[in-house]
Amino acid sequence: MAVKKIKEGIYFVGALHWDRRLFDELIPLPDGTSYNSYLIHGENKTALIDTVDPTTIDQLFVNLKKFKINKIDYVIANHAEQDHSGGIPFILKEYSEAKVVTNEKCKDMLMDLLLIPEDKFIVVKENEKIELGGKTLQFFMIPWVHWPETMATYLIEDKILFPCDFFGSHIATSAIFDQEHFYIPAKRYYAEIMSPFRNNVRNNLEKVKKLDVEIIAPSHGIIYKNPKVIMDAYAEWASENVKNEAIIAFVSMHDSTKKMAEYLREALVERGINVHYFNLTVTDIGELAMTLIDAATLILGAPTVLAGIHPLGAYAAYLANALRPKTKFASLITSYGWGEKASEVLKGLLINFKGEILQPVTAKGFPKENDFKQLDRLADDIYNKHKEIGLF
Ligand code: FEO
């Protein structure tokens with residue numbers, strides 16, 4: 001994408017990856033993504049904040065060439081993951097005087113991941129500053145959003161925070177200042193990347209709130225000229241608050257588990273509980289992850305197959321476990337032909353789940369009258385639990 005001016009001497013020079021559809025070979029990218037790199041011109045020195053994924057390095061060079069600069073003094077590496085750092089070796093080759101500015105932990109990771117020689121680094125600590133001439137960069141450690149080495153760079157005179165992944169969103173858009181449509185891409189990004197670390201998110205949020213920030217310029221997606229909107233959204237997502245919502249995520253081979261899922265869905269709706277309903281054969285896991293930010297209850301449904309659980313059910317349970325959601329209640333609905341194993345395996349997969357597991361419902365074959373009674377009982381249990389924690 002073309003260079004975009006943010007303020008005098010401060011430019012977006014990053015890359016849009018419009019047609020990327022998967023991140024980490026795992027996370028769906030329905031809207032593509034961007035790797036936001038920023039060029040800062042001081043009176044004496046020039047700095048580049050984060051680079052781009054190496055697959056898009058040409059876009060970064062095209063943008064840098066527009067400035068006709070023959071020297072970059074500092075490449076600030078806020079985060080070692082290669083979608084931001086992968087362009088650093090290319091920059092060091094083109095601008096041989098450049099030094100990589102980062103913290104000790106990130107330096108070690110960049111040496112491991114990208115084989116950058118140690119003498120190329122300038123190591124900075126918490127609060128340390130680098131002067132560019134009329135523009136001062138200050139560094140703050142913001143660990144575990146979502147790697148342990150992440151830091152944020154604050155441009156003091158212009159009150160701009162560059163927090164890398166923190167406050168990012170996976171979206172490729174030329175409207176990088178669009179404050180109207182940020183919410184869903186930012187929430188999806190938070191759910192997929194940040195949500196397992198919500199304690200750290202809260203701590204880091206408090207830290208950056210103490211700064212006088214007028215613009216938040218993350219290294220993915222939208223740039224915020226009204227930082228409050230994304231800070232408030234993060235405060236809510238990272239809180240322990242849940243809503244009167246239940247997720248039913250199921251897979252069914254011969255419609256038995258599906259019938260149970262449908263019945264439970266309607267029973268919950270009748271009781272005034274909002275339901276997110278996912279057939280795991282077609283579900284975008286980002287959508288499922290987003291609902292885990294708010295829902296008070298998670299119901300997983302899967303049949304027994306191959307003497308265990310259907311693999312899609314196991315995948316959903318593994319994912320939910322890894323995301324460590326604040327969900328307060330969980331349960332299982334399963335069906336089986338001759339030997340029931342699914343509920344046992346599912347429970348074993350939810351080892352990180354700190355809430356209460358409500359009594360599962362298991363049907364032998366297609367659900368029958370007693371199974372539907374059990375599903376009504378489960379719906380009542382969920383209703384009562386939601387009431388106990390004040391959701392009604
Ligand atoms: Fe956008 Fe953790 O890299």
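In this predicted model, Tyr277 comes out as partly exposed, with a relative accessibility of 28%. That value sits between the 20% limit for buried and the 50% limit for exposed, so the label follows directly. Phe250 is another story: its relative accessible area is just 2%, so it counts as buried. The two residues meet through their rings, whose centres are 5.1 Å apart. Their planes stand at 40°, which falls between the 30 and 60 degree limits, so the pair is classed as tilted. Phe250 belongs to strand 17 (residues 243-250) and Tyr277 to strand 18 (residues 274-279), so this contact ties together parts that lie 27 residues apart in sequence. Tyr277 also has a charged partner, since Arg265 lies over the face of its ring at 4.4 Å from the centre.

Aromatic contacts turn up elsewhere too, and the count comes to 17 pairs. One aromatic cluster brings together Phe166, Phe167, Phe182, Tyr183, Tyr190, Tyr224, Tyr234 and Trp237. A further charge-over-ring arrangement involves Lys225, which is placed over the face of Phe177, 4.2 Å from the ring centre.

Turning to the pockets, the largest has a volume of about 350 Å³. Its lining is made up of 16 residues, and those nearest the centre are Leu26, Ile27, Glu192, Leu319 and Leu323. Strand 5 (27-28), helix 5 (183-194), helix 9 (285-291) and helix 10 (311-323) each give two or more residues to this lining. Helix 10 gives the most, with four. In terms of chemistry, the lining splits into 12 nonpolar, two polar and two charged residues. Because both domain 1 (4-237) and domain 2 (243-385) supply lining residues, this pocket lies between the two domains.

The second largest pocket comes in at about 280 Å³. Here 17 residues form the lining, with Pro303, Thr304, Ser335, Tyr336 and Gly337 nearest the centre. The elements that give two or more residues are helix 8 (256-270), strand 20 (304-305) and strand 22 (329-336). By class, the lining of this second pocket holds nine polar residues, seven nonpolar ones and one charged residue.

Key. Residues are numbered from 1 along each chain as its sequence is written. This is a predicted model: local features need pLDDT of at least 70, side-chain atom pairs count only at pLDDT 80 or more; totals for chains, interfaces and linings use all residues. Side-chain values use heavy atoms; hydrogens and water are left out. On a 1 Å grid over the protein atoms alone, a cavity is a set of points where a 1.4 Å probe fits but cannot get out, and a pocket is an open set with protein on both sides within 12 Å along at least five of seven lines; lining residues have an atom within 4 Å of a point. Grid points are joined across faces, edges and corners, and a volume is the space filled by probe spheres set on the points. Ala, Val, Leu, Ile, Met, Phe, Trp, Tyr, Cys and Pro count as nonpolar, Asp, Glu, Lys and Arg as charged, and the others, Gly among them, as polar. Domain bounds come from an automatic or database domain assignment. Rings of Phe, Tyr and Trp (its six-membered ring) pair if their centres lie within 6.5 Å; planes under 30 degrees apart count as stacked, over 60 as edge-to-face and the rest as tilted. Buried means under 20% relative accessible area, exposed over 50%, partly exposed in between (1.4 Å probe, protein chains only). A charge sits over a ring if NZ of Lys or CZ of Arg is within 6 Å of the ring centre and within 35 degrees of the ring normal.
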